[in-house]
Amino acid sequence: MDSTPVIPRIERLSPDERKNVEEDLKTANSLAQRLQEVAFTNKWCKKDKAYAGVWIARGTGYPIVGRFFLKQIGLDRVEGFVEQESRAKIYGKCNANEFDLNVQWSNGDLTNIGVMYNPETKESKQLQGRMMPLRTSMKFPYVHYRLIPGTSEYDEDFGNKGSLNKYVFEPKKKGLYDKLLDNFYAVSQLYENISFERLAGLFGMDARGAELLAQCLLKCGQVTGAVDQEDQMVIFEKPREALKKFNGQVRDVCVKVQSAYDAIAKEHPKLQQQVKNKIKKEMKTRKTNEKAAIAAGKGGDGATSSKTERAAGGNKKSTNSKMEITK
């Protein structure tokens with residue numbers, strides 16, 4: 001028996017929460033980073049995954065710099081990125097207290113974290129990184145290979161040491177950011193697109209604040225979409241998982257139809273030939289009609305050539321832009 005789908009819930013911000021958000025929006029890039037960190041932590045951090053989380057390199061320079069987003073896959077594998085996936089990708093291995101990571105930078109550089117390199121013997125010792133007992137910091141040696149511009153050769157920089165500290169959220173702030181993320185996700189499930197004005201009404205803030213907040217929430221990656229400033233709306237892109245599921249259902253139906261057709265054809269070959277002949281005749285008739293319609297200047301399917309349509313309020317919109325609708 002199918003269960004009734006749960007309608008996503010949107011909670012308006014309280015006056016104090018709205019005031020805090022408005023203050024945070026004065027430094028929108030910083031707010032986008034905090035939302036990104038909370039969204040990543042909510043998805044990947046588990047009690048039994050000590051390496052998963054957002055790790056900060058403080059007081060050091062490149063290559064141990066910025067925010068390291070790590071997710072622990074199973075018991076012994078680590079993946080992630082630095083700041084954004086387009087900047088650097090991380091792959092590595094771990095056990096309870098030891099680890100090593102390979103950081104592949106977009107500029108071609110390579111950093112081996114948790115690796116001890118001996119320049120005399122040219123040998124490397126892996127799993128030299130150490131997770132500290134409280135599970136809130138990591139210390140490690142690292143080797144950095146800088147790609148020489150215009151070549152495929154590297155300069156080696158070894159004998160370095162670094163550390164990362166796990167980012168800890170202030171509970172009150174995290175509660176507010178969780179609410180913003182949950183609300184925005186709920187909106188994306190209820191709407192294909194939504195105007196800044198309506199989004200402002202749902203969040204309990206002004207339209208300009210809603211636009212800036214939407215930009216920050218989209219940057220964190222939990223919901224995929226874009227801000228259309230010309231039409232003053234947010235357009236959501238539905239997740240590929242849903243599309244894959246739908247495609248799978250269509251494929252299952254097609255397989256069943258084909259199986260039924262094959263079974264009928266096997267039992268009644270004359271009927272199969274009659275169906276084929278009928279299909280060929282209908283396709284030939286359709287092509288003839290399409291050619292006649294094109295010659296008459298009406299288009300292949302008789303559709304008008306107008307590229308505009310009216311929204312419910314009477315404003316004309318391009319057919320390429322989505323109207324604001326609830327699902």
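Start by selecting Y51, F99, F140 and Y142: ring pairs link these residues into a cluster. Keep in mind as you click around that this is a predicted model.

**Aromatic pairs**

The cluster you have just selected belongs to a wider set, since the aromatic pairs number 10. For a next stop, pick F40 and F81, an edge-to-face pair with 5.9 Å centre to centre and 90 degrees between the planes. F40 sits in helix α2 (residues 28-44) and F81 in strand β3 (residues 77-82), so this pair ties together parts that are 41 residues apart in sequence. Switch on a surface and you can check that both F40 and F81 are buried.

Now move the selection to F184 and F236. Their rings are also edge-to-face, with centres 5.5 Å apart and planes at 65 degrees. Here too the pair links distant parts of the chain: F184 belongs to helix α3 (residues 171-190), F236 to strand β14 (residues 233-236), and their positions lie 52 residues apart in the count. F184 is buried, and F236 is buried as well.

**Strand β2 and its neighbours**

Next, colour strand β2, residues 66-73. Of its 8 residues, 7 are buried, so the strand is largely enclosed by the rest of the structure.

Add strand β1 (residues 53-57) to the view: β1 and β2 pair in the antiparallel sense, over 5 bridges. To line the two up by eye, show W55 and look across to F68 in β2, which stands opposite.

Then bring in β3, which runs antiparallel to β2 and is joined to it by 6 bridges. A handy marker for this pairing is L70, whose bridge partner in β3 is G80. Follow the chain round from β2 to β3 and you pass through a hairpin with 3 residues between the strands, where G74 takes a positive phi near 70 degrees. If your viewer draws Ramachandran plots, G74 is the residue to highlight here.

**Salt bridges**

What happens when side chains of opposite charge have their charged atoms close together? They can pair. In this model the salt bridges come to 12.

Select D100 and K93 to see one of them, with N and O 3.0 Å apart. The two ends sit in unlike surroundings: D100 counts as buried because its relative accessibility is 3%, while K93 at 31% is partly exposed.

From there, go to R130 and E98, where the closest N and O atoms of the salt bridge are 3.8 Å apart. R130 lies in strand β9 (residues 129-131) and E98 in strand β5 (residues 98-105), so the contact ties together parts 32 residues apart in sequence. R130 is partly exposed at 32% relative accessibility, and E98 is partly exposed at 26%.

For a local example, choose E211 and R208, whose side chains meet at 3.1 Å, N to O. Both lie in helix α5 (residues 207-219), 3 residues apart, or about one turn of the helix. E211 is buried, with a relative accessible area of 7%.

Finish this part by selecting R34, E37, R67 and E83 together, as salt bridges link these residues in a network.

**The sheet of β12, β14 and β13**

Hide the side chains and show the backbone. Which strands form the open sheet, and in what order? The 3 strands run β12-β14-β13, with antiparallel pairing. β12 (193-195) and β13 (225-228) are at the edges with a single partner strand each, so one side of each has no neighbour in the sheet. Ignoring direction, neighbouring strands of this sheet are turned by 15 degrees against each other on average.

Zoom in on β12 and β14 and you will find 3 bridges joining this antiparallel pair. One place to look is N193, which has I235 in β14 as its bridge partner.

**A nonpolar patch on the surface**

For the last stop, select I264, L271, V275, I279 and M283 and turn the surface back on. These residues form a nonpolar patch on the surface, with about 420 Å² of accessible area together. Which helix gives the most to the patch? It is helix α7 (residues 269-295), with 4 residues. V275 is placed in helix α7; is V275 buried or partly exposed? At 33% relative accessibility, V275 counts as partly exposed.

Terms used. Residues are numbered from 1 along each chain as its sequence is written. This is a predicted model: local features need pLDDT of at least 70, side-chain atom pairs count only at pLDDT 80 or more; totals for chains, interfaces and linings use all residues. Side-chain values use heavy atoms; hydrogens and water are left out. Patches are made of residues with over 30% relative accessible area and no salt bridge: like charges are joined within 9 Å, nonpolar side chains (Val, Leu, Ile, Met, Phe, Trp, Tyr) within 5 Å. Accessible areas come from the Shrake-Rupley method with a 1.4 Å probe; for residues, only the protein chains shown count as cover. A salt bridge is a side-chain nitrogen of Lys or Arg within 4 Å of a carboxyl oxygen of Asp or Glu. Buried means under 20% relative accessible area, exposed over 50%, partly exposed in between (1.4 Å probe, protein chains only). Rings of Phe, Tyr and Trp (its six-membered ring) pair if their centres lie within 6.5 Å; planes under 30 degrees apart count as stacked, over 60 as edge-to-face and the rest as tilted. Two strands pair if DSSP finds at least two bridges between them. Axes are lines fitted to C-alpha atoms, for helices over the stretch in contact, and angles run from 0 to 180 degrees between N-to-C directions.
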